[in-house]
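Thank you for making time this morning. I would like to walk you through one structure, slowly, and I will explain each term as we come to it.

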Number of protein chains: 2
Amino acid sequence: MTTSAPVTRIDLDTVAELAAQLRVDSIRSSTSAGSGHPTSSMSAADLIATLVSRHLRYDWDDPRSPSNDHLIFSKGHASPLLYSVFRAVGVVSEDELLTGYRRFGQRLEGHPTPVLPWVDVATGSLGQGLPDGVGVALAGRYLERLPYRVWVLCGDSEMAEGSMWEALDKASYYRLSNLIAIVDVNRLGQRGPTELGWNLDAYARRAEAFGARVFTVDGHNLNAIDDVLTLAAEPPDGQPAVILARTIKGYGFSEVEDRDGWHGKPFPPDMAERAIAELGGVRNLTIRGPRPYRVPEPRPEPPAPGAALPEYGVGEKVATRKAYGDALVAVGGRDGRVVALDGEVSNSTHADEFAHTYPDRYFEMFIAEQQMVAAATGLAVRGYRPFASTFAAFLTRAYDFIRMGAISGVDLRLVGSHAGVEIGADGPSQMALEDLAMLRAVHGSTVLYPADATSTVALVEAMATTPGISYLRTTRGAYPVLYPAGEPFPVGGSKVLRSSDTDDVTLVGAGVTLHACLRAAELLRQNAISARVIDCYSVKPIDAATLAAAATATSGRIVVAEDHHPEGGLGSAVADALLASGPAALELARLAVSGMPGSGSGEELMAWAGIDAEHIAAAARSLTG
Amino acid sequence: MTTSAPVTRIDLDTVAELAAQLRVDSIRSSTSAGSGHPTSSMSAADLIATLVSRHLRYDWDDPRSPSNDHLIFSKGHASPLLYSVFRAVGVVSEDELLTGYRRFGQRLEGHPTPVLPWVDVATGSLGQGLPDGVGVALAGRYLERLPYRVWVLCGDSEMAEGSMWEALDKASYYRLSNLIAIVDVNRLGQRGPTELGWNLDAYARRAEAFGARVFTVDGHNLNAIDDVLTLAAEPPDGQPAVILARTIKGYGFSEVEDRDGWHGKPFPPDMAERAIAELGGVRNLTIRGPRPYRVPEPRPEPPAPGAALPEYGVGEKVATRKAYGDALVAVGGRDGRVVALDGEVSNSTHADEFAHTYPDRYFEMFIAEQQMVAAATGLAVRGYRPFASTFAAFLTRAYDFIRMGAISGVDLRLVGSHAGVEIGADGPSQMALEDLAMLRAVHGSTVLYPADATSTVALVEAMATTPGISYLRTTRGAYPVLYPAGEPFPVGGSKVLRSSDTDDVTLVGAGVTLHACLRAAELLRQNAISARVIDCYSVKPIDAATLAAAATATSGRIVVAEDHHPEGGLGSAVADALLASGPAALELARLAVSGMPGSGSGEELMAWAGIDAEHIAAAARSLTG
């Protein structure tokens, strides 16, 4: 499948010159910007100069080339080094480096983001680049079967993040010998020495115990670095590689070398001048390292087999989590780019249906939600369409990764089951009551909360092509199917399930509370109160027009009920939409879970929380009374 | 300081009987409830029976006794086992166990919570009990200097959570030989085999590499268990202990032993009957293990030295993060229970001032935000008053731990610096734009966002005695002090900084946007528009009365500006409060960060986001025009 790449072997003397240039340019760019991390760049300059010159197979003119190696700066604060590399390979000009870094409206941001075509993922929240790299490496090894390697430059401080060990654990579990972590052990963090300092043995024991091949090296000895990079990238033996490089922060400028107090500080102009002089002055090398293997053009996706979407009879009791599993299989049948991941609860989320049908496109992440979202991010970088599921409550574990996914601009599909007090007996640790707020606050997100199986199927289908971070909240219990198969559920829409020209009040629900709203409407009819009922299945974007029309029709009287804490969820979304739609007076009753639940049945707990049919009806009576 | 505890040594034959009773009672309780995890309880019953009978030093009649050992079920789903222990020691009745488990309004919840006096922390989100235990052990070793041990029962599945490795890392860094993790390696997770199965060597290598003393044992051999528990709890040598116990899920009932598909499933009554018969029937043992060492009554806190709160001159430019550091030192001087933790950015958050002044009460957590919040939780369990700080953006990393902290009912003080686009050049990875939404959605939380140093000081002082999860958002840049020293800032209040009887519009800000609102009011005066300006420093609870009065006074015209995404933050809080206050028509303009920021100066980015003085003034003109 692969043919040898033509290797232009840059000699190590040139690499040394390049390393000096990268240091000088890291200093120049950060001093020009008045902020940035030159010393953290200088410690890794020899590693990166050797890597880029002699090992990284990359076509800088074609960053989308499928067999390009990947280079991820998990220590994103070393952005001056990365951008200096971009200058050295000729894709960023000296002018841009010196006038664009960290400036408004420019692409050389303080920490790298995929605004730059050579950057896969946004980094800067430490402990995420390596987990993301696991996802890219999974794609390379299992899906694309391409010979690219994933090189990740890590900081030593970030090895304190548990997510780094989740990453190594999964890398060894999945035998990702295409993943090479290079740890820049410069022994100094932001505020002082790291936990383990230069104790490379301690790092080595940990990385080995987590299944990696470990290499230690003097990070300023180019010959040694070159040897170690060669060994680390040797033909796959099923283990990820970890290179532990002993380095000196600020290496090359004697005034700051290995000195505390220089993290994240650009040198003042006079210091920068001395540093550049000590480093031998400004250089203007342009280098290109090895090119990627040439691989056959990727074949176009085979025509989708047109798997039928599942259908359910109206009135049949089906849990939306079950419908998710059913729909995911169908969506996966239609689109080979759909992949699934789960956090060891696939028999609860029903992702197991996909796992059984498409085992090659399913990645079990065990109980490691951070790594699950990071792997999804890496898979999305390679063009796949990941659905990642766990209990909705446990997605809170991955919030920083979700937030960074939005900055990375990837399309991630998150599915949280067992939402709210409805789950009953398991108690509050398992009840997602913050998830809607958490996901609504993510930039560009889509938040969906279907009430029945039919709408779930339609929304899962929509999610496959929804840009950005999309979230589907599913319910534990089985509830009646409300809609006939094939009914459309556009993102941003809603359904008016009951209405008349003489409605007195509007009841808004989503998911489990929609069923309570429907029962409440029945109760209200006994009081001769006519209630409009809206299924607000699209929480973000929300159907403001339908809500506003209902508000107008029912004199501003609206009851909204949600199985979520009162802040930031459905009630907030409805309130925000109504307020934005104009100055009409509103009488909005918001029912939500205000207390701290315990165990019980779902019915008991919804009654306790005041979000069941009786409470919704009472709130409506109070508004209309 | 300590005197020997009188040891009642229960013989191993009795322990065997107890283990059988715990299994039988785990089955009976879960079958009676119709849900729960009997097989996960049965695997650990021999471990726990031996521990509770012969090693755990605990006065069951006085769970608050300061020298009691601590027993944390990190695998919270083994609650039937824990509650069966409570029955066996006589603090929970058989009736409660059989009729109360997982029932509405009862305290034997599906996963343990501190509603029960013998439970320290809520568990059930896996990977949190051990990190919490690190906090308890820190208190025992460094603050209380008490001889208690912290025993944590862990599941094997949860060893996939990075947080478990953060915990072991910190336990060895802080030489917590008073912490003993017992890992119930039953090789089966929820949906199938675990990653490492019964490969105890693999677990051992990892735990050893992370600095633990490791013991492996047959988890069903009482003699061996007893020996290992003795060794693990031997006099401190500065290392935490990890006991790896090879166990069989469902042990004692041949129909389910080591069988997949029995996770989290109670046995149907007929199976339960067969299981109980196989286990030798119902038993009614009451046992008590060793009592805690008697220690002198804790001395009352020494009278506070009355450290003066810092004061700043009006108009002086001071960053609120700096005021936080200053205030924390003062608050720490007044109250010896105040402790501080930080995630390796204390020179940015200014927690370093506390670290320098009170090094004995400061715990550096390096870049491990999950463990930082968990350690704070454990310290709070022991009655300390932790303040935990990092960049606000990185608190998203610990959301699951914050959520669980609320369920644990502990008082945690979280402080997030560098919020919003105001931080400028570092770019979006470092900009908290979801933190207000995230923290508002936490049950019982308090969310504070001061605009100046004086209010920061007052709010830090208030936080020291604020119950539940409280959050302080601080700002990177230095802004003028607005209030004279000593001005009161009650939680739930606000400040009206400008008002007249003829105000046309109300401007609401908090933190950095308050300064923009003040400048906007000046701009509006040039247009002969009189603006009321409100400092909404208490985002939750919010001062609804003052907002409603302002709405009435300014014909419902309100502009609210926040350095946060549009969902769930200050704008939502204001909207919620105004809507709740009555049916008056509102014209609410909400300014927030809608786009994805890049780098730039704070001023440039606030202008870009449309939350600076000019945009606030324009929005006000639009409302009044």
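**Cysteines, core, contact and charges**

Let me begin with a single atom: the sulfur of A:Cys536 has its closest cysteine sulfur in A:Cys517, 10 Å away, which is too far for a bond. Before going further, I should say that this is a predicted model, in which local features need pLDDT of at least 70 and side-chain atom pairs count only at pLDDT 80 or more, while totals for chains, interfaces and linings use all residues. Residues are numbered from 1 along each chain as its sequence is written, chains are lettered from A and ligands numbered from 1 in the order in which they are written, and side-chain values use heavy atoms, with hydrogens and water left out.

Now back to the cysteines. A disulfide is a covalent bond between the sulfur atoms of two cysteines, and here it is taken as a pair of cysteine sulfur atoms within 2.5 Å. Over all chains, the structure holds zero disulfides. Both of the cysteines I named are buried, A:Cys517 with 0% relative accessibility and A:Cys536 with a relative accessible area of 1%. By buried I mean under 20% relative accessible area, by exposed over 50%, and by partly exposed in between, using a 1.4 Å probe and protein chains only.

In chain B, B:Cys517 is found in helix H18, residues 512-526, and it too is buried, at 0% relative accessible area. Helices (H or I, at least four residues) and strands (E, at least two) are DSSP runs, numbered from the N terminus. Setting aside neighbours within four places in sequence, B:Cys517 is in contact with B:Leu507, B:Val508, B:Gly509, B:Val533 and B:Ile616, where contact means heavy atoms within 4.5 Å.

What does the largest nonpolar core look like, and which members touch the most others? A nonpolar core is a set of buried Ala, Val, Leu, Ile, Met, Phe, Trp, Tyr and Cys residues joined through side-chain atoms within 4.5 Å. The largest one has 315 residues, and those touching the most other members are A:Leu507, A:Val559, A:Val574, B:Leu507, B:Val559 and B:Val574. Beyond its neighbours within four places in sequence, A:Val574 is in contact with A:Val508, A:Cys536, A:Ile542, A:Leu547, A:Val560 and A:Leu588, so one of the cysteines from the start of this talk, A:Cys536, comes up again here.

In chain B, B:Leu547 sits in helix H19, residues 544-553, and is buried at 1% relative accessible area. Not counting residues up to four places away in sequence, B:Leu547 touches B:Val508, B:Ile534, B:Ile542, B:Ile558, B:Val574, B:Ala577 and B:Leu578.

Let me turn to how the two chains meet. Chain A and chain B bury about 7,900 Å² between them, 53% of it on carbon and sulfur atoms; buried area is the accessible area (1.4 Å probe) that two parts lose on being put together, summed over both. Of the area that chain A buries against chain B, A:Phe104, A:Glu195 and A:Arg397 supply 10%, more than any other three residues. The contact takes 98 residues from chain A and 98 residues from chain B.

How many salt bridges run between chain A and chain B? The count is 18, and a search of the whole structure finds 76 over all chains, a salt bridge being a side-chain nitrogen of Lys or Arg within 4 Å of a carboxyl oxygen of Asp or Glu. One of them joins the side chains of B:Glu195 and A:Lys170, at 3.3 Å from N to O. This pair crosses between chains, from the loop between strand S3 (179-185) and helix H8 (200-209) of chain B to helix H7 (residues 162-173) of chain A, and both B:Glu195 and A:Lys170 are buried.

Another is formed by A:Glu364 and B:Arg191, at 3.5 Å from N to O. A:Glu364 is buried at 7% relative accessible area, whereas B:Arg191 counts as partly exposed at 22%. Within chain A, A:Asp46 forms a salt bridge with A:Arg23, the closest N and O atoms being 2.7 Å apart. That pair links distant parts of the chain, 23 residues apart, with A:Asp46 in helix H3 (residues 45-54) and A:Arg23 in helix H1 (residues 12-33).
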